[in-house]
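Grab a pencil and work through the exercises below with the model open beside you. Each one sets a task and then walks through a solution.

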Amino acid sequence: MYKVLVVNDDGIASPGIEALVNALKDIATVYVAAPAEQQSGTARGISFREPIFVEEVDFEGAEVAYAVGGTPTDCVIWALSKFKGLVEFDYVVSGINMGQNTSSIAYYSATIAGALEGSVHGVRSIALSVDGHDTNNFEYICSLMPELLEMSAGLDPQIVLNVNAPDLEPQFVKGVRIAKMPPRERCPEFVFTDTEREGYYQMTAVLPESRPNLDEDLGCVVAGYASISPITARMFDPQGFKQMKNVTVNKDLFVIVGAQTEVLAKIRKPEKFEENIAMLTKCIGRLSLPTILVKRYADGEMIEPVGENSENAETVEIVDYNAFDSKEFASLAETIADKSVYIAGLETHIAIQQTAKEFLKRGYVVTVIEDCCGSGSKKAHKFAIDYLHDIGCRITTCEAVVKELAPEAF
């Protein structure tokens, strides 16, 4: 049987956690660590500055249960420490919360926080909520538990399933939908009102109205569906990291066009080209310089050294030869480059020539790395290089660029 740690934010006496334990007891050994008091809206708060009081309590259906004088995050941290070496939990299940946790409300949810804390410790986790603060309609969401456990088992442990059900009896729920989180403009409005005590204010949240958009969790619940949304505790954003490095570290953009397996087989001296492009991309990669790989859909994979050395590069697929035929490429180039671009790749007289010419039209200073370009014949390659020089491109070599970028390597 599964070993499941159950937590919630409405407190250990909540009917929601009672319903959840009852739903799990036949398919899992259940351990409970839940707040002694109501902890809604405490998000991922933890108790550092004061001790927490923990008391063992009777809880029907649970192997053992504890009332913890802290937040849901405290409960998970304490329980994982308490049972370390004794119980290896398969899941942390948080809920069932009385009130939906969709849209931007999720940021403030202590129910979700309990599940996220489980995922941080490598335990697969699920957060459960039912719309309605006075609800007792837990039957439908409880009936989903076997399926939810199976679904979670097929995912990376860092992915939390955030599940929301409407406040309806089971026969009136329309079904389950996998849903996105709505955009940030759905954030609740927080309102402060005076209290009878001078100097004190009461905060309340006014939720935005929502049309039933069935692609989004809030819309699903409004329309009578249960929603399941995958979320994570990861705060670091890899895409943002690449963009920030591209924008703030270096304003020169490197563009590698069409350095692909199918084209490599057709060019003159492929071994020399591969040697030079490997040196160039290794240098670019080590210095984390902003790079766009332009990949023509019909020409195979990027050649091995380019792929290996370009982990942080952006990749854009094109149909024709001019990289600017892709709106995505044009947008990336404009965002990253401060009017200076280095170009290499295949073939010189077609893709390189067309892309470099387009950069020049847009006012960029263009440097073509001559020995990191190649064509099927020496004549075609030379003609293209001479033409690019004549229209204003700077022509250089791989060794010169590497020495320019990393002089300590020479």
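**Exercise 1. Find the residue in S4 that stands opposite Pro35.**

Step 1. Look along S4 for the partner: Pro35 stands opposite Val68. Helices and strands here are DSSP runs (H or I, at least four residues, for helices; E, at least two, for strands), numbered from the N terminus.

Step 2. Now zoom out to the two strands. Strand S2 (residues 28–35) and strand S4 (residues 64–68) run parallel and are joined by five bridges. Two strands count as paired if DSSP finds at least two bridges between them.

Before going on, a word on the ground rules. This is a predicted model, where local features need pLDDT of at least 70 and side-chain atom pairs count only at pLDDT 80 or more, while totals for chains, interfaces and linings use all residues. Residues are numbered from 1 along each chain as its sequence is written, and side-chain values use heavy atoms, with hydrogens and water left out.

**Exercise 2. Work out which element of the protein chain has the lowest mean pLDDT and which the highest.**

Step 1. Start with the whole protein chain: its mean pLDDT (the predictor's confidence in each residue, from 0 to 100) is 89, and 93% of the residues reach 70 or more.

Step 2. Go element by element. Helix H7 (residues 238–248) comes out lowest with a mean of 60, and strand S6 (residues 124–130) highest with 98.

**Exercise 3. Trace the order of the nine-strand sheet and name its edge strands.**

Step 1. Walk across the open sheet: the order is S3-S4-S2-S1-S5-S6-S7-S11-S8, with mixed pairing.

Step 2. Check both ends. Strand S3 (54–57) and strand S8 (176–178) are the edge strands, each pairing on one side only.

Step 3. Add the twist, which averages 20 degrees from one strand to the next. Angles run from 0 to 180 degrees between N-to-C directions, and axes are lines fitted to C-alpha atoms, for helices over the stretch in contact.

Step 4. See the mix for yourself at S7. S6 and S7 pair in the parallel sense over five bridges, with Val130 opposite Ala165 in S7. S7 and S11 pair in the antiparallel sense, also over five bridges, and here Leu161 stands opposite Pro230 in S11.

**Exercise 4. Decide how many residues of S7 are buried, and which way they point.**

Step 1. Apply the cut-offs: buried means under 20% relative accessible area, exposed over 50%, and partly exposed in between (1.4 Å probe, protein chains only). Six of the six residues of S7 are buried.

Step 2. Sort them by direction. Val160, Asn162 and Asn164 point one way, and Leu161, Val163 and Ala165 the other.

**Exercise 5. Explain why helix H3 is described as largely enclosed.**

Step 1. Count: ten of the eleven residues of H3 (residues 110–120) are buried, so the rest of the structure largely encloses this helix. Among the ten are Ile112, Leu116 and Glu117.

Step 2. Ask what does the covering. The list includes strand S1 (2–7), helix H2 (72–82), strand S5 (91–98) and S6.

Step 3. Place H3 on the sheet: it lies across S1, S5, S6, S7 and S11, at about 170 degrees to S6.

**Exercise 6. Find which residues Asn276 touches, and how its helix meets H14.**

Step 1. Locate the residue. Asn276 sits in helix H9 and, at 6% relative accessibility, counts as buried.

Step 2. List its contacts (heavy atoms within 4.5 Å). Leaving out residues up to four places away in sequence, Asn276 touches Asp371, Cys372 and Cys398.

Step 3. Look at the helix pair. The axes of H9 and H14 come within 10 Å and cross at roughly 15 degrees, so the two helices are roughly parallel. That label covers angles under 35 degrees; over 145 is roughly antiparallel, 65 to 115 roughly perpendicular, and the rest oblique.

Step 4. Fill in the interface: Asn276, Met279, Leu280 and Cys283 in H9 meet Cys398, Val401, Val402 and Leu405 in H14.

**Exercise 7. Describe the six-strand sheet and say why its edges lack a neighbour.**

Step 1. The open sheet runs S14-S13-S12-S15-S16-S17, with parallel pairing.

Step 2. Strand S14 (314–318) and strand S17 (394–396) have a single partner strand each, so one side of each has no neighbour in the sheet.
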